[in-house]
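Here is a friendly walk through one protein model, with an eye on the spaces inside the fold. Have the sequence and the 3D view at hand as you read.

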Amino acid sequence: MGLVLASAAMAADYDKGASDDEIKFGTIVPLSGPASAYGSTGTCIAAYFDMVNDRGGINGRTVTVSVQDDGYNPAKMLEQARRLVEREGVLFIAGNIGTPTNSAIHRYMNQRKVPHLFLTTGASKWDDPESYPWTMPFIPSYAAEGRIYARYIKETMPDSMIGILYQNDDFGRDYLDAFVAELSDESMVAAAVSYDTSTATIESQMSTLKDSGADVFFNIASPKFAAQAIRRAGEIGWDTTQFLVSVANAKSAVLEPAGLAYATGIISTQYLKEPTNPAYAEDADVAAWKEFQSTYFPKGSDGNWWDWSCYATAYTIEHILTQAGDVLTHENLMKLASNLEEFEAPMLLPGIAITTSPEDFAPIEAMSLMKFDGENWALFGDVIAVD
């Protein structure tokens, strides 16, 4: 009997999506639609595990990544999540893009008790292990980032008037509400105007903001609309100090389409090393990223932060799966993901690491301010802890 019990204790333990030979998970991203610039993250994650498989897989298992398109449409996100969980039988879903889209499957994933991991969205709601123990973000909180900008403005330009463009959904309001609350003086906001992702242009919104008399512009937009706003501000001669949310500060996807001359001087935040920055020319993380990119992800861009953020995300997923060994269950994956301590994923800025606990699912809680000089982003000041 003792031998039987010992053998049973050593046996592999699998939930659907795992076996002796394979681990299968899914990721849902906007390969089409108004936020399609973000879609490369899914391709990146799949490519990363092509590299892992070429190196022998994880604990002898091939990793299969099912990449699905939601078009940045919440209804489509739910449809794709059901497809992955109920039809394809993935072990977990990870790396999804978007606040409104992930909101559509928040309850579903937790009701099904399937890990909904390392989301590329900084909405505050994802850090709620008590109510939603199966959902975990990856990137820093939008609300915390909004507070960083508000503090900087109060400290360095206290007499300014601020014009705000924001996306009319949970993503935009998370930034907006935290930013205004941190100002502690709503009279500093000259105007706040919204746009919907279904709209064609934001020209009228930009005219309204210019006419408000604001001398600071806070651009809370996803890439397509962020680029439009930067370009339009330049075209109509609205000369302001601009702040741009980190999820839309990619050089190749946003600043170049907007016009680098119009983008010069913009302030944003970052928690990752920028591959195009000369400061990281000899950096080991950047060298590894470039090797991966050239071999497995040639469509990836050195100028899109999400193309290296997903590299860090995929590395962290690999770590969790490696640590899981033969216990590839939903419960064990969440246990491992929620007990990371100063985990150094590649591409994170010095002084920033991933830490989670069963009570706090927010993995990255620090960022640095940076300014675009016309060619590159340049960090300034110390790494700031977000709260």
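Six nonpolar, two polar and two charged residues make up the lining of the second largest cavity. This is a predicted model, and that cavity has a volume of about 50 Å³. If you would like to find it in your viewer, select Gln270, Leu272, Lys273, Glu274, Asn277, Tyr280, Leu349, Met370, Trp377 and Leu379, the residues that line it.

How many cavities of 30 Å³ or more are there? The count comes to three. In the largest cavity there is about 80 Å³ of space. Its lining holds eight nonpolar and four polar residues, with no charged ones. Several aromatic names turn up when you list that lining, including Tyr38, Tyr72, Tyr142, Phe171 and Trp305. Among the other lining residues of the largest cavity are Ile97, Gly98, Thr99, Thr120, Ile139, Ser222 and Val247.

The largest pocket is worth a visit too. Its volume is about 190 Å³, and 16 residues line it. To centre your view there, pick Ser124, Asp127, Ser141, Ala362 and Glu365, which lie nearest the centre of the pocket. By class, the pocket lining divides into nine nonpolar, three polar and four charged residues.

Here are the three spaces side by side.

| Space | Volume | Lining by class |
|---|---|---|
| Largest pocket | about 190 Å³ | nine nonpolar, three polar, four charged |
| Largest cavity | about 80 Å³ | eight nonpolar, four polar, no charged |
| Second largest cavity | about 50 Å³ | six nonpolar, two polar, two charged |

Now for the fold around these spaces. The protein chain contains 13 helices and 14 strands. Its radius of gyration is 21 Å, close to the 21 Å that the globule rule gives for 387 residues, so the chain is as compact as a globular protein of that length. Along the principal axes, the C-alpha atoms fill a box of roughly 80 × 45 × 35 Å. Of the 387 residues, 57% count as buried.

One stretch of the chain makes a nice stop at the end of the tour. Strand 7 (residues 162-167) pairs with strand 8 (residues 189-195) in the parallel sense, over six bridges. Between these two strands the chain passes through helix 6 (residues 170-183), and the resulting β-α-β crossover is right-handed. Which residue of strand 8 is the bridge partner of Gln167? That partner is Tyr195.

Conventions: Residues are numbered from 1 along each chain as its sequence is written. This is a predicted model: local features need pLDDT of at least 70, side-chain atom pairs count only at pLDDT 80 or more; totals for chains, interfaces and linings use all residues. Side-chain values use heavy atoms; hydrogens and water are left out. Two strands pair if DSSP finds at least two bridges between them. Helices (H or I, at least four residues) and strands (E, at least two) are DSSP runs, numbered from the N terminus. A crossover is right-handed if, with the strands pointing away from the viewer, the path from the first strand over the helix to the second runs clockwise. On a 1 Å grid over the protein atoms alone, a cavity is a set of points where a 1.4 Å probe fits but cannot get out, and a pocket is an open set with protein on both sides within 12 Å along at least five of seven lines; lining residues have an atom within 4 Å of a point. Grid points are joined across faces, edges and corners, and a volume is the space filled by probe spheres set on the points. Ala, Val, Leu, Ile, Met, Phe, Trp, Tyr, Cys and Pro count as nonpolar, Asp, Glu, Lys and Arg as charged, and the others, Gly among them, as polar. The radius of gyration is taken over C-alpha atoms; the globule rule is 2.2 Å times the number of residues to the power 0.38. Buried means under 20% relative accessible area, exposed over 50%, partly exposed in between (1.4 Å probe, protein chains only).
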